[in-house]
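The exercises below invite the reader to examine a structure step by step. Each task is followed by a worked solution.

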Amino acid sequence: MSTWSNPFLSVSPILCALPKVAKGRQMFWEKPMETLKGDDLKRLQEDRLKETCSRAMGTGFYRDLFKSAGISPADIKTLDDITRLPFTRKQDLRGGYPFGFLAVPLSSVVRIHTTSGTTGKPTVVGYTRGDLEKWSSLIARNLTMVGLRQGDVFQNMVNYGMFTGGLGFHYGAEKIGLTVIPSATGNTKRQIEMIHDFGVTAIHCTPSYAMHLAESAEEAGIKLDSLKTGIFGAEPWSESLRGELEEKLGVTAYDSYGLSELYGPGVAFECQERDGLHIWHDCYLVEIIDPVTGEQLGPGEQGELVVTPLVKEAMPLIRYRTGDVTMLIEDDCPCGRGMKIARITGRSDDMLVIRGINVFPSQIEHVLLGIPEVGNQFMVYVDRVNHLDEMTIEVELSRTHFSGELADLARIQKKVIKELRDALELRTTVRLVEPGSLPRFEGKAKRVIDRRTGD
Ligand code: DLL
């Protein structure tokens, strides 16, 4: 049992049980929360911020952090007081592997997800039963917001493993009574067949996979007439790709943003206006900062998104630096909901998002260093081929460990591809090149050349 108050108590459980979905433009799952404004919202956020700080004291990391900032959770009284605390970064989470950031005993954790592995260990995110309930409610809000309702058939074409997109969307979609097809990834021919045969009305996948799906259907001469809604996210994409997907698939396409550390998908989502993503203001306290100075920036100013989740039980976080670049949009959205952020335009660190999977160049380096037949000089090229991200890695052979036999090249290449696949969970193209042939850098090495355009 959770020891703190249920943040959704102000919404009647009966109201939550049924989607408030009249046919028409505006539909809400939890209207009172989604449209909360002004002082009511501020009070709720303040209360939840205080609770979050108290809960965070359940971890050694935050006890030390408060101590070194010379304050206690009781000193956090207003939203502005949050700036008295330092940021939490991805590397802090890695340092706490595996359970250092859990504020509840493991016995209260009913599910674990992890981010894809990094140089060292992945980031572990635990969920209490209460967390799963809130997470699925947020997904239910998003799906309801874009007009989905009981009677819609929803095909979820993302990985159902540790990646949060699979199970995350699944439970939210079931909650509002959609007919869910957990088709996961792969076998595009079968995916197309199911959309066609089951009369699927809504799909969820990465935008790059959506384009692949559209082109495969086109090639096979199959019309996907039942489709009306496409939910795409987990990687950056552009307005022009939106246009192409809408035309090819006959859907209205919506952008969906989230990250594993903050539940997963469901953090921010476009409404039917499609002019910015609503970030759920009752569950996430948002700051935009200058990534270099850490200073807060105002609406309309581009910077790094920093989020303090306000309702997470198992793994509370304070001022979490997402690394994602965006800005706050301050307007009165006709849909009636609050706070919005712009489409994510990039990263403030060197993380690459390839086909929805997060990759740090340091991971690649780590893998290559473990293979004696290749040296430590490498280059990474990222391209978009037929709308799909492709990663090519050029790596120098080692002078001492390469026999010089041509036959040996294929073996080494296979080995590098396999080791990279095991570590990154990603298929890559590997080109072995002569020792000494790759560029050397005097200053900061620039090993990644991202040749993807906005599309
Ligand atoms: O990608 C969660 C998710 C699943 C979001 C399904 C949307 C749909 P992670 O694997 O932890 O979690 O990756 C999070 O992916 O910090 C961004 O850099 C990037 N990202 C996610 N959504 C978008 C988006 C999931 N809509 C990281 N636009 C984030 C641009 C995105 N980048």
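## Exercise 1: An open sheet

In this predicted model, four strands form an open sheet in the order E10-E11-E12-E15, with antiparallel pairing.

Task. Determine which strands stand at the edges of this sheet, and examine the pairing of E11 with E12.

Solution.
1. The edge positions belong to E10 and strand E15 (346–347), each of which has a single partner strand, so one side of each is left without a neighbour in the sheet.
2. Strand E11 (residues 303–309) pairs with strand E12 (residues 320–326) in the antiparallel sense, over four bridges.
3. One such position can be located by residue: Glu304 has Val325 in E12 as its bridge partner.

## Exercise 2: Strand E3 and its partners

Task. Establish which way the residues of strand E3 point, and identify the strands that E3 pairs with.

Solution.
1. In strand E3 (residues 153–156), Val153 and Gln155 point one way, while Phe154 and Asn156 point the other way. This agrees with a general rule: side chains of a regular strand alternate between the two faces of the sheet.
2. Both sets of residues in E3 are buried.
3. E3 runs parallel to strand E4 (residues 179–181), and three bridges join them. Phe154 stands opposite Val180 in E4.
4. E3 also pairs with E5 in the parallel sense, again over three bridges. Here Asn156 has His204 in E5 as its bridge partner.
5. The path from E3 through helix H7 (residues 164–175) to E4 makes a right-handed β-α-β unit.

## Exercise 3: Helix H9 and its surroundings

Task. Compare the span of helix H9 with the expected value, and decide whether the helix is mostly covered or mostly open.

Solution.
1. Helix H9 (residues 207–220) has 14 residues. From its first C-alpha to its last it reaches 20 Å, close to the 20 Å expected at 1.5 Å a residue.
2. Of the 14 residues in H9, 10 are buried, and the helix is thus mostly covered. Among them are Pro207, Tyr209, Met211, Leu213 and Glu215.
3. The cover over the buried residues of H9 includes helix H8 (188–198), strand E5 (202–205), strand E6 (229–233), helix H10 (239–249) and strand E19 (388–397).
4. Just after H9, Gly221 takes a positive phi of about 70°.

## Exercise 4: Glu46 in helix H3

Task. Decide whether Glu46 is buried or exposed, and find its contacts beyond its sequence neighbours.

Solution.
1. Glu46 lies in helix H3.
2. The relative accessible area of Glu46 is 14%; because buried means under 20%, Glu46 is buried.
3. Leaving aside neighbours within four places in sequence, Glu46 is in contact with Lys77, Thr78 and Leu79.
4. Glu46 and Asp80 are 34 residues apart in sequence, and their C-alpha atoms are 9.5 Å apart in space.

## Exercise 5: A pocket and the cavities

Task. Describe the lining of the second largest pocket, and state how many cavities of 30 Å³ or more the structure holds.

Solution.
1. The second largest pocket has a volume of about 760 Å³.
2. Its lining consists of 30 residues, with Leu41, Gln45, Leu328, Glu330 and Met339 nearest its centre.
3. Helix H3 (38–56), strand E10 (284–289) and strand E13 (328–329) each supply at least two lining residues of this pocket. The largest share, six residues, comes from H3.
4. A search of the whole structure finds three cavities of 30 Å³ or more. The largest cavity holds about 80 Å³ of space.
5. This largest cavity is lined by 13 residues, of which Leu93, Gly96, Pro98, Phe101 and Val124 are the closest to its centre.

Methods. Residues numbered from 1 in each chain as written. Heavy atoms only, no water. Expected span 1.5 Å × (residues − 1). Buried < 20%, exposed > 50% of the residue type's maximum accessible area, 1.4 Å probe, protein only. Contact = heavy atoms within 4.5 Å. Pairing = 2+ DSSP bridges. Right-handed = clockwise from strand over helix to strand, strands pointing away. 1 Å grid on protein atoms, 1.4 Å probe; cavity = no way out; pocket = protein on both sides within 12 Å on 5 of 7 lines; lining within 4 Å. Points joined across faces, edges and corners; volume = space filled by probe spheres on them.
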